[in-house]
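Please read the following report alongside the sequence and the model. It goes from one chain to the pair of copies, and then to the DNA strands.

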There are 2 protein chains.
Amino acid sequence: MNRLPVAERREQLIEAALAVASRDGIDAATVRAVAAEAGVSLGVVHYCFQDKDELLRAMAHAITSANLERSLGELPEEAATTESVIESVIDALWAGIQDSRGPQLLSYELTTSSLRHPELNQVAIEQYRGQWAAAEQVLDLVERAAGVGWAVPRATLARTIVAVVDGFSLAWLVDGDSETARLGLQGFGRFLATIAVPAALAPDDELEPAPTTPA
Amino acid sequence: MNRLPVAERREQLIEAALAVASRDGIDAATVRAVAAEAGVSLGVVHYCFQDKDELLRAMAHAITSANLERSLGELPEEAATTESVIESVIDALWAGIQDSRGPQLLSYELTTSSLRHPELNQVAIEQYRGQWAAAEQVLDLVERAAGVGWAVPRATLARTIVAVVDGFSLAWLVDGDSETARLGLQGFGRFLATIAVPAALAPDDELEPAPTTPA
DNA sequence: GTCTATAGTTGGATAGAC
DNA sequence: GTCTATCCAACTATAGAC
């Protein structure tokens, strides 16, 4: 309706794309559907984005950024046992996931789409780089709150955490059983606690293993 | 070309669908593409299957069945330490995954598709029920080969295993780093070894927790 | 900047000849 | 049983009026 600067229009359209895709799936996020959701006409979308892929890439980037910021929201209490710090971090993390079924599912759809379509190639790896980085920051938080380090390199641990959270999230999306998922994650949390070592005994980080594909 | 009984035609078309979808993604598995892959004409597919969804459901079912049978292929050596039994099972499992990138990715695509489209609703839960059952059988194998039980209910452990394998597989699909994934899984395997207890001390299975949604 | 109109594809599904 | 021909719907993308 109103005339808006292109930049704001883009924001609005990305929001709309996110809404449609979260609600109805990535395949439903057609240019038409996004235009309708935003209340603009078809041509407007093509005026703001070169093509559909550019719109989807922008949407994916918005998700990744949002995830990164959100992951820093949950901070654990100060002094406590390692177990209880981990436990509260996991509960907060899980609550966040549980509250966003649509976006969560969308993020898996984006991953698989990215792996099939060359024009979205960067999307998946960016997602994961973001998640791995976020997991490291969470580890950092736990380290300081509980005064511990880890028996394995932090980067390795971060990848494992992302893998475990991904796996339980997927299963939860399928069977809808949040309590089982939460308990499973807590079980993993207790494992984390077992490999925590007093900060004094742990180096800032272990020696990095041989660098893998820089991609 | 040849005139075949409907049942055989269906088998052939399911094979073709699997080939196309594994190679080019689930979205590429159109009725037309499947017909072309199988070397038959469009009408034939609609003669054998009521519609596209029925074909996809049949394909998904074929995958699940194949996975179940395959998972029993890898048997561990007889006498050995718990660690080494677990290690060899994981290596065999991972080798199988690594050799089937396309089908692996397809299985995630099927899961997300199933969660979005009501007509495929049963697909995802069947997949997971199959995987959970397979994981329990693998646990069973390890129990007998290493003469151990577990400190947590076998069903819970099975879900965790599936979640961890899923998570590492997804990350591998994204970054292509099989060695890191394998090492991550082995790390999880060492955790499994830590919660193994001598068979004499473990009941056949722990008391089941309160039954969750039977679904 | 925004709209309508339309070109050009692709894919699901069916009809009817053989 | 199998094929060709065809219909219809939905989508991307662009052109051109306002």
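## Chain A and the model

Of the 215 residues of chain A, 49% count as buried, where buried means under 20% relative accessible area, exposed over 50% and partly exposed in between, with a 1.4 Å probe and protein chains only. This is a predicted model, in which local features need pLDDT of at least 70 and side-chain atom pairs count only at pLDDT 80 or more, while totals for chains, interfaces and linings use all residues. Residues are numbered from 1 along each chain as its sequence is written, chains are lettered from A and ligands numbered from 1 in the order in which they are written, and side-chain values use heavy atoms, with hydrogens and water left out.

Chain A has nine helices and two strands. Helices (H or I, at least four residues) and strands (E, at least two) are DSSP runs, numbered from the N terminus. Along the sequence the pattern is α-α-α-α-α-α-α-β-α-α-β. Among contacts in chain A (heavy atoms within 4.5 Å) between residues at least 6 apart in sequence, 69% join residues at least 24 apart.

## Two copies

Two copies of a chain are related by a rotation about an axis and a shift along it. Here, a rotation of 180° with 0.0 Å of shift along its axis superposes chain B on chain A, with an RMSD of 0.0 Å. That is the relation of a two-fold axis. The same surface serves both copies, as 100% of the contact residues of chain B recur in chain A. Copies are superposed by least squares on the C-alpha atoms of residues with pLDDT of at least 70 in both.

## Helix α1 of chain B

The 19 residues of α1(B) should span 27 Å at 1.5 Å a residue, and its end C-alpha atoms are 26 Å apart, which agrees. The expected span is 1.5 Å times one less than the number of residues. Buried residues of α1(B) include Arg9(B), Leu13(B), Ile14(B) and Val20(B). The buried residues of this helix pack against α6 (101-116) of chain A together with α2, α3, α4 (52-71) and α6 (101-116) of chain B. Gly25(B), whose phi is positive, near 100°, follows α1(B).

## The DNA strands

A residue is near a strand if one of its heavy atoms lies within 4 Å of it. Around DNA strand C there are 15 residues, of which Asn2(A), Arg9(A), Ser41(A), Val31(B) and Arg32(B) come nearest. Sugar and phosphate account for 56% of the atoms of DNA strand C that come within 4 Å of the protein. α3 (42-48) of chain A together with α2 (31-38) and α3 (42-48) of chain B each supply at least two residues of this surface.

DNA strand D has 16 residues around it, and Arg32(A), Asn2(B), Arg3(B), Arg9(B) and Tyr47(B) come nearest. Of its atoms within 4 Å of the protein, 62% belong to sugar or phosphate and the rest to bases. α2 (31-38) and α3 of chain A together with α1 (6-24) and α3 of chain B each supply at least two residues of the surface near DNA strand D.

The table lists polar contacts, pairs of N or O atoms within 3.5 Å.

| Side chain | Partner atom | Distance |
|---|---|---|
| Ser41(A) | phosphate oxygen, DNA strand C | 2.8 Å |
| Arg32(B) | base nitrogen, DNA strand C | 2.6 Å |
| His46(B) | phosphate oxygen, DNA strand C | 3.2 Å |
| Arg9(B) | phosphate oxygen, DNA strand D | 2.9 Å |
| Ser41(B) | phosphate oxygen, DNA strand D | 3.1 Å |
| Tyr47(B) | phosphate oxygen, DNA strand D | 2.9 Å |

Terms used
Polar contact = N/O pair within 3.5 Å; in protein donor to acceptor, adjacent residues only side chain to side chain.
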